[in-house]
Amino acid sequence: LSIACDGEGDRRDFSSRPVRRGLQRVNRNVTKIPMTPKYPSAFLSSLHLPGADLNAFLHSLDQPAPTSIRLNPFKPVSKFDAEEAIPWCSEGRYLHERPSFTFDPDFHAGTYYVQEASSMFIEEVWKSIHPGNTPVRVLDLCAAPGGKSTHLLSLMRGEGLLVSNEV
């Protein structure tokens, strides 16, 4: 057995008995390595999902993430009206496919913001604690990249004060 070590034809001889045995051991161990990604056993043993199917959960982790956007209520656009609404966000939409946002003039015009649907839950929190038409002061200390802050700002409708900072 010889293996080329560089591009100039320099070959190393691996024909000695100890090297052959070592390569055979490596070969046997390599074939035991699973070809599909597995999760660490510590992670799997830490999962406690009462009433949930663990296999279905692990299968869901291998699926592509859904693409979601939040429409800007101050710059209405109708091209997403047919998309599935996100139940906890009046301006949220799931997209049936992920477009190339960089080529979309509506994206650059600010008519929508690409945001994970779970981050849009701030609207439900707002509805549950907002005291009505009273202006409020909000301090957002986890403001990067700004999706939840801009969402809060749209919900405040120009009333009150929002201070956004990333700590």
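Here are a few exercises with worked solutions on this predicted model.

**Exercise 1. Work out the strand order of the open sheet, and find which strands sit at its edges.**

Step 1: Start with the order. The open sheet has 4 strands, arranged E4-E5-E3-E6, and the pairing is antiparallel.

Step 2: Now look for strands that pair on one side only. Those are strand E4 (84-85) and strand E6 (112-114), which makes them the edge strands.

Step 3: Zoom in on one pairing. Strand E3 (residues 67-71) runs antiparallel to E6, and 3 bridges join them. As for individual residues, leucine 71 has tyrosine 112 in E6 as its bridge partner.

**Exercise 2. Classify the aromatic pair of tyrosine 39 and phenylalanine 43, then do likewise for phenylalanine 80 and tyrosine 112.**

Step 1: Get the overall tally: the structure holds 5 aromatic pairs.

Step 2: Take tyrosine 39 and phenylalanine 43. Their ring centres are 5.8 Å apart, with 50 degrees between the planes. Since stacked needs under 30 degrees and edge-to-face needs over 60, this pair comes out as tilted.

Step 3: Check how accessible these two are. Tyrosine 39 has a relative accessible area of 28%, so it's partly exposed. Phenylalanine 43, at 31%, is partly exposed too.

Step 4: On to phenylalanine 80 and tyrosine 112. Here the numbers are 4.9 Å centre to centre and 75 degrees between the planes, so with the edge-to-face cut-off at over 60, the pair is edge-to-face.

Step 5: Ask what the pair links. Phenylalanine 80 is in the loop between E3 and E4, while tyrosine 112 is in strand E6, so the pair ties together parts 32 residues apart in sequence. Both phenylalanine 80 and tyrosine 112 are buried, and they belong to one aromatic cluster with Phe101 and Phe107.

**Exercise 3. Describe the lining of the largest pocket.**

Step 1: Note the volume, about 170 Å³.

Step 2: Pick out the lining residues. Among them are Arg70, Asn72, Phe74, Tyr112, Thr150 and Leu153.

Step 3: Assign elements. E6 and H6 each give two or more residues to the lining, and H6 has the largest share with 3 residues.

Step 4: Sort by character: 5 nonpolar, 4 polar and 1 charged.

**Exercise 4. Place glycine 146, and decide whether it is buried or exposed.**

Step 1: Glycine 146 is in the loop between strand E7 (137-140) and helix H6 (147-156).

Step 2: Its relative accessibility is 12%; buried means under 20%, so glycine 146 counts as buried.

Step 3: Compare sequence with space. Glycine 146 and glutamate 166 are 20 residues apart in sequence, and their C-alpha atoms are 9.2 Å apart.

Note on methods:
Residues numbered from 1 in each chain as written. Predicted model: local features only at pLDDT ≥ 70, side-chain atom pairs only at ≥ 80, totals over all residues. Heavy atoms only, no water. Buried < 20%, exposed > 50% of the residue type's maximum accessible area, 1.4 Å probe, protein only. Pairing = 2+ DSSP bridges. 1 Å grid on protein atoms, 1.4 Å probe; cavity = no way out; pocket = protein on both sides within 12 Å on 5 of 7 lines; lining within 4 Å. Points joined across faces, edges and corners; volume = space filled by probe spheres on them. Nonpolar A, V, L, I, M, F, W, Y, C, P; charged D, E, K, R; others polar. Phe/Tyr/Trp six-rings, centres within 6.5 Å; stacked < 30°, edge-to-face > 60°.
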